[in-house]
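Me: I'd like to learn how to read a structure like this one, feature by feature. Could you walk me through it?

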Amino acid sequence: MTGVAAQIWLPLSLLFYTAVALYWARIAARENRDYETYFSAAHSLSSWIVAMLMAGASVSCWFLLGGSAEIGQHGFSAPALLQAGIALALPGTIFFKRMWFVCQRLRLSSQAELFRSYYQSDFLVVVSTVIAILFAIAFAGLQMRALSHIISTLTGGEASPLVVSMVLSLVMFGYVAIGGMRAVAYLGVFQTVLLCAAMVGFAGYALIDLGGFGALNSRLLALASDPNGAPLFSVSGVIHFTAGLGRADASGSPDTAMMGFGLTLAFMGFQASPLASKIVLSANNARGFAAGQTWVMAGVFGGLIVFGIAIMGAAMLVEPGLSVPNIFMTLEKVSPWFMAWLLIGAIAGVQLVSALALLVAGESLVRNVYKPYFHATLSRRDTVNLTRVVVGILALASVLMQSLTPIALSALGSVVLPMSFQLWAPLLGVTWLRWITRPAAATGVAFGLAGVILTEPLGYEILSFFGLELPWGRWPWTIHSAAWGMAANLVVVLIISAITNREAFGEEAQEVRRFLQSALRVSGRAQALRSVAWAAILIWLFLAVGPGVEFGNFAFGVPGAGRGWILGMPSLWAWSALFWVLGVGLLWFLAYKLEMASPVTAVIDAYEPRPRLHLNQGQRERERLRALVITGAVGFGLAVLIAFSFGR
Amino acid sequence: MGTPARIERGILVFSIWAALGFLGLGFVLEGFTRNAIALSLLGTAIIMAALGAHIVVNAIFQQGFTTGEATLGAAAYGAMVLVFIVAWLSGGLSSANYLSGIALFGILAIGFIAYLTTRYGLRDAFSRFHPHETSSKETAR
C-alpha cells in the first residue's frame, strides 16, 4: 500500500467519525428542545440504549489498551481480569432496579442528589462529585493519552500527542456541550458497537497472524514448558505477606489470588460510580436492567473479554510485535483502511467513557455543589450554560495533565475504581440494608477512601511531599487497594451502625423505606431462594476470583514431559472461561429468579414532601464562600509550611 | 413512526453500517489491492450481511428504507459501478478484480431485487420504480 493511501485513510476516517458525532449531537439538541432536558435526556432513554451504553462505558477502551497489555506482560497469572464481565455486571444487578425506583419516586436524577436526599450528607455529595471528576480527568485521560500517542506515531510525528488529544477532546466537548446526555447516549450506542467490532478485529488479526487458535496455543504450550515461562500460567499462591510493590523486602510475584480478588472488587467500582447512576437514572423504565446486565454486559462483553482480550494478550505473550500499537503500525503499511476502522473503534471506546464522565462531573460540580451551596438562585438555563463551561475546563485540564503531568495523572487514575467501589456501602444502605445509618455510611466511605489512598502511590506521594514515609508500598500483602479500602469501610460501617440510632433518618429516607417495602416487595419464592443465592455467590467468588482460583493452575492439565493441556488451551484460561459461563448463570439467577433486577412495570407517583419555609440563602451562601476561601487559604498555607519544614 | 422510534432506528442503522459496512468495504478494497478474489467475496458477504441487518431493523421498526438511505445507496452503487466500468475500459482490471467486481455488483443487485420482491410482491416491486398513475376508472370508483 502506498504512503499516500495511508495518509488519506486516517484523516478521512477521523473526519467521518467527527461528522457522525456532530450529526447525532444536532439530533440530540433538537430532541432536547431547550435546556430542561440537557442533563438526563428527559429520563426517556430506551432500555436497549441504556443496556448498550452501560456495557460500553463499563468496558471502555481500558481492556483493549490496558487489559490486553496486562495479559501480554503477566500472562494468565491474574485470571480475575478475565472475569471482569461478571464483576462489572454484578453491582448493576444488585443496585440498578431499586435505585431507579427510589429516584423515580423522589424525582432525582443523579447519585449526588440521591445521597443528599437519603443521607442528608454533604460529605457523600462531595465524594460522589470528586469521583466523577477523577473519572473525567484521570481515568479517561489515561486512555486518551495512550491513544493520542498511538495516533501521533501513526502520523509519523507530524501531529504531536498534545495536538491529537486536543482535537479529540474538542470533538468530544462539541457533542457533549451541544447535545448533553442525549448525545452521549445516542452516540454511545454507536461507539459501543464500534468498540466491540474493534475488539473482535484485533483478536481476529492476532489469530490470523499467528496461524489460528491451535497455533497460538501451541506456542503458549512451548512457553509454559519453559521453566522461565511457566509462572505466566499459574497463580502464585493465595497471599504473600510482603510490604508491597516498591519496597525492598517485597519478593515474589504480586499476582496472588488475593490480588485477583481485590482487582475484581475494583472492577465492581464502575457500576457504583456516579457515571453508571447517571445512565440508570436517564432510563425511561426499569424493565431492561436484568437483560442488560445479564446478557449484554456479562454475556456479550464478558465473552469478548474472556476470549477476545485474552487472545490479544496471549498473542502479545508469544509475539511481542502483536501489541495494539504495533498492530496499528503494521496495518498502516499493509491495510490502512483496516487500521482506520480499528482506530475509530478505539477512539469510540475512549470517548464513550470520557464524554459521560465529563458530563457527570460538570453536572455534579455545578448542579450538586455550586448551586445548592453557593448560588441557589441560579436559573436552569444558566446552570446548563455553566455546566458547558465547566465541561470545557475539565476537558482542557485533562488534556494538559496528559501532556504535562503524566505521573500525577497515572496516580490519580489508579485510585478511581477502588475509590468508586467504596460507594457500595451507602448504595447498599439505600437499596437493601436499612440498618446502615447516615454517620456509618459517611464515616465508612471516609475510612474506605483513606484505605485506598494509603495503599496506592497517590498516598505515598502525598505523604512523602509532607516528609512522612509510609512503611509499606503499593498493595501491601499483595492485597489490592480496593480490598484494603473496603475492609476499613466495612469495619467502620458495622461498628457505627451498631452504636447509632437506626431510625434517625430524614423524611425522604423514611419515604424510601416505605416505598421499597410496598412497591418492590420480594416474592416468597425469591425469599426462599436467598440462602441458595448466597451460597452460589460465595462459591463463585471463591473459585473464580478468590483463593480457589489456584485449582485452575492444574484443573485442565499441567504441561511438561510431552504432555499438553487437556482442552488444548492454558488451564487457567479454560478455568476462567468455565467460570465466566457459570458467572452468567449466576447473574441470571440473581437478576430474574431472585428478582434483584427483574422487569417491573409500575406507575410511580412523585413524592410530595411537606412544605418547607424557604429562607433567603444569600447571607448563608456568602458566609459559606468566605469560609471556603479562608479554609482553602489556611490549608494551603499549612501545606506549604509542612512541606517546607519536613518535605523533600 | 414516532420521533423516538425513528431516532432509535437511525442509531441502529448507523451502527450497522459503521461496523459491518466499512469492514466489508475494507475487505473488498483489500481483495482488489492483492488480486485476491476470496477477500473480495468475503467483503461482499459482509456488505450483504450489513444490508440484511438493515432490513431486519426495518422490519423491527415496521418501516422500509428512507428516501435518504435509498438515494445514498443508489448513488454509492452507481459511483462504484462507474469507477468499475472506467477501470475495465482503461484495461486496469485483472481477471480476479473483474470477477470480484461482477460478484459485488451482481450480488447487491440480486439482493436488492429479492428484497423488493419479498416485501412488495413481484408486480408492486416493479411499480416502485415508476409513479403510479391513477386511471380514470379507479377515480370513478
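Reply: Gladly! Chain A has 24 helices and zero strands. Keep in mind as we go that this is a predicted model.

Me: What about chain B, how many helices and strands does it have?

Reply: Chain B has six helices and zero strands. Read from the N terminus, its elements run α-α-α-α-α-α.

Me: How far should I trust the coordinates? What are the ipTM and pTM of the model?

Reply: The model scores ipTM 0.86 and pTM 0.92. Then look at the scores per residue. Where pLDDT is low, the predicted coordinates should not be read in detail. For chain B the average pLDDT is 83, and 85% of the residues score at least 70.

Me: Next, overall dimensions. What radius of gyration does chain A have, and what would a compact globule have?

Reply: The idea is to set the radius of gyration beside the value expected from chain length. For 648 residues a compact globule would come out near 26 Å; chain A has 25 Å, which agrees. Its C-alpha atoms fill a box of roughly 80 × 60 × 60 Å along the principal axes.

Me: And what share of the residues of chain A is buried?

Reply: Burial is judged by counting C-beta neighbours, with 20 or more inside 10 Å as the cut-off. In chain A, buried residues make up 54% of the 648 residues. In chain B, 24% of the 141 residues count as buried.

Me: How do I read the sequence range of the contacts?

Reply: Set aside the pairs close in sequence, then ask what part of the rest joins distant positions. In chain A, 84% of the contacts with a separation of 6 or more are between residues 24 or more positions apart. For chain B, 61% of the contacts between residues at least 6 apart join residues at least 24 apart.

Me: Let's turn to domains. Into which domains is chain A divided?

Reply: There are two entries to follow: domain 1 covers 3-29 + 49-234 + 243-604, and domain 2 covers 618-648. Their centres, taken over C-alpha atoms, are separated by 34 Å. Where they meet, eight residues of domain 1 of chain A are in contact with eight residues of domain 2 of chain A. On the domain 1 side, H13 and helix H18 (457-465) of chain A each supply at least two residues. That side divides into five nonpolar, three polar and no charged residues.

Me: Now the contact between the chains. How many residues does each chain give?

Reply: Chain A gives 16 residues and chain B gives 14 residues. On the chain A side, the elements that give two or more residues are helix H1 (3-32), helix H7 (161-210) and helix H13 (336-374). H7(A) gives the most, with six residues. By type, the chain A side divides into 12 nonpolar, three polar and one charged.

Me: How do I tell whether a helix has a buried face? Which residues of H12 in chain A are buried?

Reply: Look down the helix axis and see where the buried positions point. In helix H12 (residues 324-334) of chain A, the buried residues are A:Val324, A:Ile327, A:Phe328, A:Leu331 and A:Glu332. They fall within an arc of 135° as seen down the axis of H12(A), so they line one face of the helix.

Me: Could we take a single residue? Why does A:Phe63 count as buried?

Reply: A:Phe63 counts as buried because it has 27 C-beta neighbours inside 10 Å. A:Phe63 is found in helix H3 (residues 62-74) of chain A. Leaving out residues up to four places away in sequence, A:Phe63 touches A:Ser68, A:Ala84, A:Ile305 and A:Ile309.

Me: Last, backbone angles. Which sign of phi deserves a second look?

Reply: Most residues other than glycine have a negative phi. A:Ser60, however, has a positive phi, near 45°. A:Ser60 lies in the loop between helix H2 (47-59) and H3 of chain A, and is buried, with 26 C-beta neighbours inside 10 Å. Another case is A:Trp475, whose phi is positive and near 55°. A:Trp475 sits in the loop between H18 and helix H19 (481-499) of chain A. A:Trp475 is buried too, with 26 other C-beta atoms within 10 Å.

Key:
Residues numbered from 1 in each chain as written. Chains lettered and ligands numbered in written order. Predicted model: local features only at pLDDT ≥ 70, side-chain atom pairs only at ≥ 80, totals over all residues. Contact = placed C-beta atoms within 7 Å. Helix = DSSP H or I, 4+ residues; strand = E, 2+ residues; numbered from the N terminus. Nonpolar A, V, L, I, M, F, W, Y, C, P; charged D, E, K, R; others polar. Buried ≥ 20, exposed ≤ 12 C-beta atoms within 10 Å, placed from the backbone. Domains from an automatic or database assignment. Arc of directions from axis to C-beta. Rg over C-alpha atoms; globule rule 2.2 N^0.38 Å. pLDDT = per-residue confidence, 0-100.
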